[in-house]
Amino acid sequence: MRLGEVCILTSNVTRLADFYRSLLETDSGGDDTAHQTILAEETMLTIFNDGREKNWPGQNMCLAFTVDDIDREYRRVVSLGAVVIEPPTVRPWGAVNMSFADPDGNVVYLRSFPTKK
């Protein structure tokens, strides 16, 4: 079994889809204001407005992406105007993680697994 899709609910599909297209460096070619699908390798990221108001307190969702160069991605995230929650930080298990908020306030983690030299 594989994860086939992650869907982020939002009140502003265009703004959030544009952010994730920039973050994932991809172009879905979509401009729908209610539903956009962004393809990144084998898993779909869908941005969807189901007609109900979003951005309630206590959201319990985050996304995590594995990247090759965490420092490069940190600079890109800052250039996209995202609010950095935690800059790249080495974890006890060897991963380097960073976190930031997307335009709707959802927490996004980027992580890398540096090879030992």
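Q: Which side chain makes a polar contact with the side chain of Y20?
A: In this predicted model, Y20 is found in helix α1. Leaving aside neighbours within four places in sequence, Y20 is in contact with I8, I38, L45, I47, L63, F65, D102 and V108. From that list, the polar contact, at 2.7 Å between side chains, is with D102.

Q: Is Y20 buried or exposed?
A: Let's stay with this tyrosine of helix α1. A residue counts as buried when its relative accessible area is under 20%. Y20 has a relative accessibility of 0%, so Y20 is buried.

Q: How far apart in space are Y20 and T46, C-alpha to C-alpha?
A: Y20 sits in helix α1, while T46 has its place in strand β3. Along the sequence the two are 26 residues apart. In space, their C-alpha to C-alpha distance is 9.8 Å.

Q: Is T46 buried or exposed?
A: T46 belongs to strand β3. Beyond its neighbours within four places in sequence, T46 is in contact with E5, V6, C7, I8, H35, Q36 and T37. Its relative accessible area is 1%, and the limit for this class is under 20%, so T46 is buried.

Q: In what order do the strands of the open sheet of 4 strands stand?
A: The protein chain has 7 strands and 2 helices, running β-α-β-β-β-α-β-β-β from the N terminus on. The open sheet takes 4 strands, and their pairing is mixed. Read across the sheet, the order is β4-β7-β6-β5.

Q: Why is one side of β4 and of β5 left without a neighbour in the sheet?
A: The strand order β4-β7-β6-β5 belongs to an open sheet. Because β4 (62-66) and β5 (83-90) each have a single partner strand, one side of each has no neighbour there; both stand at the edges.

Q: Which strand pairs with β4, and is the pairing parallel or antiparallel?
A: A residue pair helps to locate this: L63 stands opposite V108 in β7. In total, 5 bridges join the two strands. The partner of β4 is β7, and the pairing is parallel.

Q: How many bridges join β6 and β7?
A: These strands form a hairpin with 5 residues between them, and G105 in the turn has a positive phi of about 90°. Across the pair, N97 stands opposite R111 in β7. The strands run in the antiparallel sense, and the number of bridges is 6.

Q: Which residue of β6 is the bridge partner of V90?
A: Strand β6 covers residues 96-101 and runs antiparallel to β5, with 5 bridges joining them. V90 lies at the end of the range given for β5, 83-90. Its bridge partner in β6 is V96.

Q: Which strands of the sheet does helix α1 touch?
A: Neighbouring strands of this sheet are turned by 15° against each other on average, direction ignored. Helix α1 (residues 13-24) packs on the sheet, and its direction makes about 20° with that of β4. The strands touched are β4, β6 and β7.

Q: At about what angle to β5 does helix α2 run?
A: Helix α2 spans residues 70-79. This helix lies across β5, β6 and β7. Its angle to β5 is about 170°.

Q: Which residues make up the covered face of β7?
A: In a regular strand, side chains alternate between the two faces of the sheet. In β7, the uncovered face holds V107, Y109 and R111. The covered face is made of V108, L110 and S112.

Q: Is R76 buried or exposed?
A: R76 has its place in helix α2. Leaving aside neighbours within four places in sequence, its contacts are S22, L23, L24 and E25. With a relative accessibility of 15%, which falls under 20%, R76 counts as buried.

Q: Which element supplies the largest share of the largest nonpolar core?
A: This core has 20 residues, and those with the most contacts inside it are I8, Y20, L45, I47, V77, F100 and L110. At least two residues each come from α1, β3 (43-48), α2, β6 and β7. The largest share is 6 residues, and the element is α1.

Q: What percentage of the residues of the protein chain count as buried?
A: The chain exposes about 7400 Å², of which carbon and sulfur atoms supply 52%. Of its 117 residues, the buried percentage is 31%.

Conventions:
Residues are numbered from 1 along each chain as its sequence is written. This is a predicted model: local features need pLDDT of at least 70, side-chain atom pairs count only at pLDDT 80 or more; totals for chains, interfaces and linings use all residues. Side-chain values use heavy atoms; hydrogens and water are left out. Two strands pair if DSSP finds at least two bridges between them. Axes are lines fitted to C-alpha atoms, for helices over the stretch in contact, and angles run from 0 to 180 degrees between N-to-C directions. Contact means heavy atoms within 4.5 Å. Buried means under 20% relative accessible area, exposed over 50%, partly exposed in between (1.4 Å probe, protein chains only). Accessible areas come from the Shrake-Rupley method with a 1.4 Å probe; for residues, only the protein chains shown count as cover. A polar contact is a pair of N or O atoms within 3.5 Å; within protein, one must be able to donate a hydrogen and the other to accept it, and residues adjacent in sequence count only if both atoms are side-chain atoms. A nonpolar core is a set of buried Ala, Val, Leu, Ile, Met, Phe, Trp, Tyr and Cys residues joined through side-chain atoms within 4.5 Å.
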